[in-house]
Structure formats: structure tokens, C-alpha cells
Amino acid sequence: MAVGRPLHLLSVWNPAYSGDALDVHLALLLEWSRRAAAGEAEPDEVYVWWGKIRSRNRTGRLKHHDQVTALDAQARAGVQTHLYLTDYRSLYVAEVGEITDDDVREDDGERDHVPAYYEGHACDFWFRLFDVRRLVSDDTPAVIEEAAKLRNVGYHDRPVSLYGGMVDLPLLVHRDAEAAWFSDRDALTEGGLWAQRAAELRSDTERMSRELRDNLFGRDLWSAMEPATRTFLASAEAVFRARRDDPGFDLSGVAVEYAKAVETELNALVFPALRRAMKSRGPAERETHVDGRRLDLGGAVPHQTLGAIRTLLAQEGPAQAAIRQQMPHDHSWILGILPRELEKLVELRNAGAHSEGVAAETLGPIREMVLGVGREGMVGRLVRARVRGR
């Protein structure tokens, strides 16, 4: 096991216990979120308990019981701790705030945070979940690929395998490239929970994900996208196709989602490349200013807005030099054409974010530019540049 890495967990939910266990938990979490927004509950009451149901064929403790409960200290120390959840068709990641082997249902204050799903079941562990984010929806090959990015601590740090490796759950796992799944929440969800995104428009978004994957981007490019990019594109495209012929429908929210898809891919492309280029440079060479804010391009740059990244790409400085070095095949487009195209997207996103109406005829050309309808798409080109630059 790699020393000093945060550890996480992966488990499976069994659809045989409920029509959809994930939906039950999302509904309860969002109900507490609604109560907090209405002043009926405190912000720290927004959570749901997820239990690891114990097999009726096992009476003793799991061999790694103490290792699992030891992660409670990591979560309570503020280290982002994840519980990955799958039914093999879909994959979610939850933000864990507490881990306990006590039965939380025995506490009157906690019982209202436990779904009725667990009635009649004993549990090995309970996980307090603050948020749940969807990574893959209704796509088993994509779940296999995403799960393989996790290393199974109990199996010599080998990549997680859905078939043959899902024993003694939950698995203790870590990632070679650590993912802070919830650090960009406020920037990408306007301060809401990822759970809301996971719950809304679920069937329409799942169908559109398959449509975009199979008939526009292709499986390889789709799977290489950031999970949030896939979510934003599928959600935006589902609404656009359903409402583009309705002259009275405001597509400003859809415009924001197309822009967020591009923003997500830009953050994933630009800042890791800059960090690689700057790692051996001194502080003075690594720093730049964007919109009056200082950025250390050699460190962990927090999620940046579309406008900030456009400014960074358009202005002469260390970022441009680093991109020329790191992206020899793509820097001409990234530093030349892309900032001009981003300007159109920034203007449209600002209009959408400020509730100015956006009509289909205005959004249409931007959508074609983002997706690649009749041309090479912006998102696809950004993903290919990121894959080439790894």
C-alpha cells in the first residue's frame, strides 16, 4: 500500500433488497436538504446513513473490520473520504463524514436519517454521507473502466476488478491520481448538492448519455471525459432536444450546462499540464494573476471559471509558455482559436446565469460548437488534448 495516500472504500448495493436502493438514499438526503433550505433543519443535519448489510451466512466480523473503522479518523480530520457505490451498471461516489460499527438506528436522533430500506437487516458498518455524486450511469463497460482506476489494498494494490475482485466488501481502495470529487461542488452546482444532479431527470439523462456515447462521441472519447462533463452534456442535450421547438421556453439553464461541461474539461486539461511544467521552477516563475487573483500554477489550483481560464490562455505569461511546452500538438489551437470561441460561450453563460432569456436560435450555434455538430467539437478536442498530454 502506498504510504501517505488517503484510503477510500468501494461497495455494492443489491437491487434485490429494493427497487433502487440508491434512489431511496438520495430521496432522504434531498429531503433533509430541503428542510435545511426552508429553515426546518440545521445545515449540519443534511446527511443520510448508508449501511453495509451483513450477509445472513456470516456471523463473525470481516477480517478488515478494524481497517474500515479506522478511516473514521481520516474523515473526521477533514480528509476527503469517499465511498464508491455500484450495482455494476452504474457507479456513484459519496462524501463520507463518519464511519461507525454501532447501530445508528438505536439513536433516536439518527433514526430519521436512515432509510426504511434497512428494516430487518443487520449491518457491519454505517457511513454518514453528506453528498452523493453520479460518475457512470447505466453503462457497465464504463463502470469497469472507472473502477479500474482504484487500487484494491487487500489484493496487492491491483486495479479493482468487478468480476472476481468484489469479495469481502467494502474494499479498501486508493487512487493513483487522487480525485477530490466534492471540492468543485460549489463552482459546478451553484452551491447545491451533487445528489440533486444524481436524482433529477434520471431516465432522460441516462438515455441521452447512451445516445451521445454511441452516436456522437464514441465509447473511447466518452469514457475519457470527466464524469461531470458527461453529466452536464447529457442533461443539457436532453432538455435542448425536448424544448428547442418551444418558442416560449427559456434555455438559459441549458446554456449554463453546456458551458460547465467545457469549463470542467478545461480545468482538467490546463492546470495539471501547468503543474507538470512548473514543478521545477521557483515561486516567482510559477505565479500569475488572473482577474486580480494570484495563482500558483505549480500548485493545486482550485476550480477556475470559464472566464478566468480564457483570460489565462489569452494573456502572455508563464501559462502560455508552459502550454506550448506541454502540448506541442495542440497549443496553436488552445492559445489561438480557443480563447475566441470561449468568449462566445462566456457571454452566453453569463446571460444564462443572470436569468436573461436564451432562445434556441441563439444557443444552437454554440451547442454545435461545443458538441461537434457538423464540425469538430470543442469538448472532443479538449479531451483528446488531455489524453495526448498524459
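In the predicted model, E190 lies in the loop that connects helix α5 (185-189) to helix α6 (194-199). Its backbone is notable in that phi is positive, at about 55°, although E190 is not a glycine. With a relative accessible area of 57%, E190 is exposed, because the cut-off for that class is over 50%. A positive phi, near 60°, is also found at D157, again a residue other than glycine. D157 belongs to the loop between β6 (150-152) and β7. In contrast to E190, which is exposed, D157 is buried, with a relative accessible area of 18%.

A further backbone feature occurs at L169 and P170, which are joined by a cis peptide bond with omega of about 5°. P170 is placed in the loop between β7 (158-159) and β8 (171-175).

At the level of the whole chain, the secondary structure amounts to 16 helices and 10 strands. The radius of gyration is 22 Å, which agrees with the value near 21 Å that a compact globule of 390 residues would have. Along the principal axes, the C-alpha atoms occupy a box of roughly 65 × 55 × 40 Å. Buried residues make up 54% of the 390 in the chain. Among contacts with a separation of 6 or more, 72% are formed by residues 24 or more positions apart. The accessible surface is about 17600 Å², and carbon and sulfur atoms contribute 47% of this area. The chain carries 51 positive and 61 negative charges, whose mean positions lie 6 Å apart.

The surroundings of one buried residue, L83, were examined in detail. L83 is part of strand β3 (residues 81-86), and its relative accessibility of 0% places it in the buried class. Beyond its neighbours within four places in sequence, L83 is in contact with L9, L10, S11, W50, Y92, V93, A94, V96, F127 and L129. L172 follows 89 residues away along the chain, and its C-alpha atom is separated from that of L83 by 9.6 Å.

Burial was also considered along two helices. In α12 (residues 306-314), the residues L306, A308, I309, L312 and L313 are buried. Viewed down the axis of α12, these buried residues fall within an arc of 165° and therefore line one face of the helix. In α13 (residues 318-326), A319, Q320, A322, I323 and Q326 are buried. The buried residues of α13 likewise lie within an arc of 165° when seen down the helix axis, so they line one face of α13.

Terms used
Residues numbered from 1 in each chain as written. Predicted model: local features only at pLDDT ≥ 70, side-chain atom pairs only at ≥ 80, totals over all residues. Heavy atoms only, no water. Helix = DSSP H or I, 4+ residues; strand = E, 2+ residues; numbered from the N terminus. Rg over C-alpha atoms; globule rule 2.2 N^0.38 Å. Buried < 20%, exposed > 50% of the residue type's maximum accessible area, 1.4 Å probe, protein only. Contact = heavy atoms within 4.5 Å. Areas by Shrake-Rupley, 256 points an atom, 1.4 Å probe, with all protein chains shown as cover. Lys, Arg positive; Asp, Glu negative; His and termini not counted. Charge placed at Lys NZ, Arg CZ, Asp CG, Glu CD. Arc of directions from axis to C-beta.
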